[in-house]
Amino acid sequence: MPAVTYRYQALKESLAAAITSSSRGGDPRLPHALAVASGLSTNGYLASLLVARYAHLGDPDAARAVFDAAAAPSSPSSSAPPPPKPLLYNAMLRAYLALGLPRQAAQLFRGMPSACPRDRHTYHLAATACARAGDPDLGRRVGAGAAAAGLASDLLVATALGGMHAEAGDMGAARRVFDGVPRPDAVAWNAVIGGYARAGRLGEAVGMFGRMRSADGARPTEATLVSLVSGYACFGSWRGGVAMHGFVVKSGFHCSLFISNALLEMYAKLGSLSEAVTVFRHMEVKDSVTWSSMIGGLVRNCKPGHAVKLFHWMVLNSQVLVTRSILLNVIMACAELGNWREGKWIEESFVLCSGGAFKRDPSVLTALIYMYAKCGQLDLSESLLHGSAEVKSDVVAWNSLIKGCGELGQVEKAFEFAVQMQRMGIDPDVVTFLEILPMISLIPSLKKGMAAHAQIIRRGFQNERTIANSLVSMYGRCGSLSLSVGAFTGIMDKDAISWTSMMQVYAWNGLAAEVVKLFELMEGTEAQPNYYTFVAVLTACKNMGLVEEGMGLLRCMKEQYGLEPHVKHISCVVDMLCRAGRLTDAYHLIQNSYSEHAKNPILWGALLSGSRSWGNLVIGEAAARHLLSLDPENRANYKMLADIYVSLGRRDNADDVLRVLMSRELDLRPGYSWTEGG
């Protein structure tokens, strides 16, 4: 080896060692200066090491300066070799991602000269940047470039591309990328399973999970199960969630903090508070996410008092620090309780205290503004809004004040604040109108509704689907079927809420046949019916006596759309069958078809009421047995059974039932009939 080349190589290795050793606490600026002085700062290998070191120190500007110097074209007289471009670009892309700057990484890749070669790491990093930056257009170009380079099936590249498409909601593209990988690993499987779960396509996520379990070279991981459990929380059923919990336990993942937190959140969102509490109590380790999920779950499930008590217990008995999420949940609990004094104590203790991390936090201040407004303390709410520079010009905070007024029933005051906000130069956004329109429905005032609609058009929100859906309901509540139909017709891309809102308006106007027709039209579109859609159409079938159609719809929910029928759906069909005199079918529907609802007194009460109407003693006694064991304190159940005996001339049996009622002193208690009220 020539002496010059040897000295050059030795110097390069020495500088590389110095840069690397600086990661143990040394200053990279000295080896950087030596690299510049020796003319080696443009060496791609050394430059990539410096970029990585400055990124580790959290200095993106210094990292980019090194990159720019090395990436600049070499002068003709320079004796230094041209920099290895992929290595240098990859280092800068990786640095931006490590520093949480995916947009800059995407921009760097976009400006990468066409003459620069791209390797598997380049495409992997670029796809990751596009996913995090939310840039699907550039992501598609990255995918096309990888395919042209023959790297689309490379595991590293394909995993990043699949994750990018899944993050953008394009599951078709994500699945095509995944299917092109010969032997996907757990990360690749997790990307597509998580994408399906986030998109609400839970059946496909579970199907892929089944394939993963039987595939070679990949086993479900913690991330796999968190994705599926979270999917059940948002789009699944209680039964499916319990089955997934069972798999977690069998797989030995039940001790995982992340999975336990996901299970807790799932049960809370599904309304299974007892199961959520059980998971919470069995967790040996609880972090801030655990406490936030449990407190928030109690609030969502109408237990705000318990949420406040749990918060106090946490503060007094655990080492967990109060986080923003915990604080937002407990403030919401105070709002639900109407307990502004408790909310005030929380503000003084955790927001205004010296060194408080939340004193200038817009989300916390906004929550307090809403809480005070909902508790009727508008002076405190306004004072906090106008006295906080962080929120006084923020439309989100004003929307919270408006929302609090509306929930308090002070609709006119809410309108005043909406006007005041605009006078201060703060433009209403979509959320403002989504708060105002339901309030107009409550008054109801067609004049105010039309005025709000005019403002919506003036501000260019008329094509926002959420706004249009709300207009359909608002006009329906205000008694204008024609304007409601007009708003519905104007929605170009109707979703399930659009169709369901129009069905509900037809139902309010007693047009059950139109509800059924609209559902049939909806089935010819890409919109997927939801739970509320089926409630609307089943109610219409009940009112029209379309028994077979109603039974078919109940089957269709599960078989065609993967929706587990709720009590509201089943009670509609039970009532429908009872009206038609098909009591035996109604009995078997409750007892056999949906066993998880077989202990619901609402269903048995509807059947007992139907048995009384038809004088069917056999079914009536069977329904009464279930009811008297499930709800022994309700005197209406005894009286309905006695009425059946009286109608059949069996006065002695009726007297026996009434004597039981008298012996329990239930005759002195206010009764409730399943055929009265809601």
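**Surface and charge.** I looked up the accessible surface of the protein chain first: it comes to about 32700 Å². Carbon and sulfur atoms hold 55% of that surface. I note here that the model is predicted. For charge, I found 65 positive and 59 negative charges in the protein chain. I compared their mean positions, and the two lie 4 Å apart.

**Overall build.** I counted secondary structure next: the protein chain has 38 helices and zero strands. I then took the extent of the C-alpha atoms along the principal axes, and they fill a box of roughly 120 × 60 × 55 Å. The chain has 678 residues, and I find 47% of them buried. I also checked how far apart in sequence the contacting residues are. Among contacts with a separation of 6 or more, 61% join residues 24 or more positions apart.

**Repeats.** I turned to the UniProt record, an unreviewed entry, for annotated segments. The record gives "repeat: PPR" for residues 185-215, 287-321, 394-428 and 495-529. I looked into two of these. Residues 394-428 are 77% helix and 0% strand, and I get 10 Å between their end C-alpha atoms. Residues 495-529 are 71% helix and 0% strand, with the end C-alpha atoms 9 Å apart.

**Cores.** I searched for nonpolar cores, and the largest has 165 residues. Those with the most contacts inside it are F311, L327, L401, F534 and L607. Helix α21, which spans residues 362-374, gives the most to this core, with nine residues. I followed one of the well-connected residues, L327, further. Setting aside residues up to four places away in sequence, I see L327 touching V322, I346, F350, V351, F358 and V364. I also found a second, separate core, of 45 residues. Its members include A91, L97, Y123 and C130.

**One glycine.** I ended with G217, in the loop between α12 (202-214) and α13 (222-235). Is G217 buried or exposed? I find a relative accessible area of 62% for G217, so this glycine counts as exposed, the cut-off for exposed being over 50%. I then checked what G217 meets. Apart from neighbours within four places in sequence, G217 is in contact with R183 and D185. D185 falls within a segment that the UniProt record annotates as "repeat: PPR", residues 185-215. I also took a C-alpha distance: G217 and A186 are separated by 8.0 Å, though 31 residues apart along the chain.

Note on methods: Residues numbered from 1 in each chain as written. Predicted model: local features only at pLDDT ≥ 70, side-chain atom pairs only at ≥ 80, totals over all residues. Heavy atoms only, no water. Helix = DSSP H or I, 4+ residues; strand = E, 2+ residues; numbered from the N terminus. Buried < 20%, exposed > 50% of the residue type's maximum accessible area, 1.4 Å probe, protein only. Contact = heavy atoms within 4.5 Å. Areas by Shrake-Rupley, 256 points an atom, 1.4 Å probe, with all protein chains shown as cover. Lys, Arg positive; Asp, Glu negative; His and termini not counted. Charge placed at Lys NZ, Arg CZ, Asp CG, Glu CD. UniProt positions renumbered as here; feature names shortened; annotations may be inferred. Core = buried A, V, L, I, M, F, W, Y, C linked by side-chain atoms within 4.5 Å.
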